[in-house]
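Biologist: I'm new to this structure and would like to learn how to read its pockets and cores. Could you take me through them?

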Amino acid sequence: MKLTIETAVEQGYLDVKKGFDESLFKRLSPPFPPVKLLRFDGSEKGNLVSLELNFLLFKQKWTSEITEDKTTDLEFYFIDEGTELPFFLKKWKHKHRVISTGIGSIIRDEITYEAPFGLMTWLLYPALWLQFAYRKPIYKKIFRRGSGL
């Protein structure tokens, strides 16, 4: 299943690239499930990000590896792929794109995922959409013109 969410921001793509750090990652975490960051290496190929999701009665670990990153004259992107996923995911690939618009940038989250069985893949879509839609106002606030990181 594929999910794509875009957010227009006021800062240039290279400034946004600088802001993709541990602090931003923590701010993007939604209220539920609470997330504990276990490891954050960065957004370059070979880096790892590991977190613990707390579902109150149980916890799940999620580890992703950055498998690709690239910066061009118009875009910055990196891809994280799940290496240790919570029970409700079988596959996870997330391409984080920051695309120059000339006067600002578009942050585009392109997610491809699969649950252990077909119906669950469909049922996860609304929850995942909400998790990523939650990021939109945070991106807009952090990456508005004149704001400091």
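Biologist: How many nonpolar, polar and charged residues are in the lining of the largest pocket?

Modeller: Sorting a lining by residue class is a good way in. This is a predicted model, and in it the lining of the largest pocket has 25 nonpolar residues, seven polar ones and three charged ones.

Biologist: How much space lies in that pocket, and which residues are closest to its centre?

Modeller: The largest pocket holds about 770 Å³ of space. Its lining has 35 residues, of which Leu51, Trp62, Trp92, Phe132 and Arg135 are the closest to the centre.

Biologist: Which element gives the most to this lining?

Modeller: Helix H3 does, with five residues. Other elements that give two or more residues include helix H2 (22-28), strand E4 (59-71), strand E6 (91-100) and helix H4 (135-142).

Biologist: Now the cores. How do I read the largest one?

Modeller: A nonpolar core is a set of buried residues joined through side-chain atoms within 4.5 Å, so look for the members with many partners. Here the largest core has 17 residues, and Phe88, Leu89, Trp92, Tyr113 and Leu124 touch the most other members. Strands E1 (2-9), E3 (48-54) and E7 (105-114) each give two or more residues, as does helix H3 (118-133). The largest share, five residues, comes from H3.

Biologist: What does Leu124 touch?

Modeller: Leaving out residues up to four places away in sequence, Leu124 touches Phe88, Leu89, Tyr113 and Ala115.

Biologist: Which residues does the second core include?

Modeller: That separate core has 15 residues, among them Tyr13, Ile66, Phe78 and Ile138.

Conventions: Residues are numbered from 1 along each chain as its sequence is written. This is a predicted model: local features need pLDDT of at least 70, side-chain atom pairs count only at pLDDT 80 or more; totals for chains, interfaces and linings use all residues. Side-chain values use heavy atoms; hydrogens and water are left out. Buried means under 20% relative accessible area, exposed over 50%, partly exposed in between (1.4 Å probe, protein chains only). Helices (H or I, at least four residues) and strands (E, at least two) are DSSP runs, numbered from the N terminus. Contact means heavy atoms within 4.5 Å. On a 1 Å grid over the protein atoms alone, a cavity is a set of points where a 1.4 Å probe fits but cannot get out, and a pocket is an open set with protein on both sides within 12 Å along at least five of seven lines; lining residues have an atom within 4 Å of a point. Grid points are joined across faces, edges and corners, and a volume is the space filled by probe spheres set on the points. Ala, Val, Leu, Ile, Met, Phe, Trp, Tyr, Cys and Pro count as nonpolar, Asp, Glu, Lys and Arg as charged, and the others, Gly among them, as polar.
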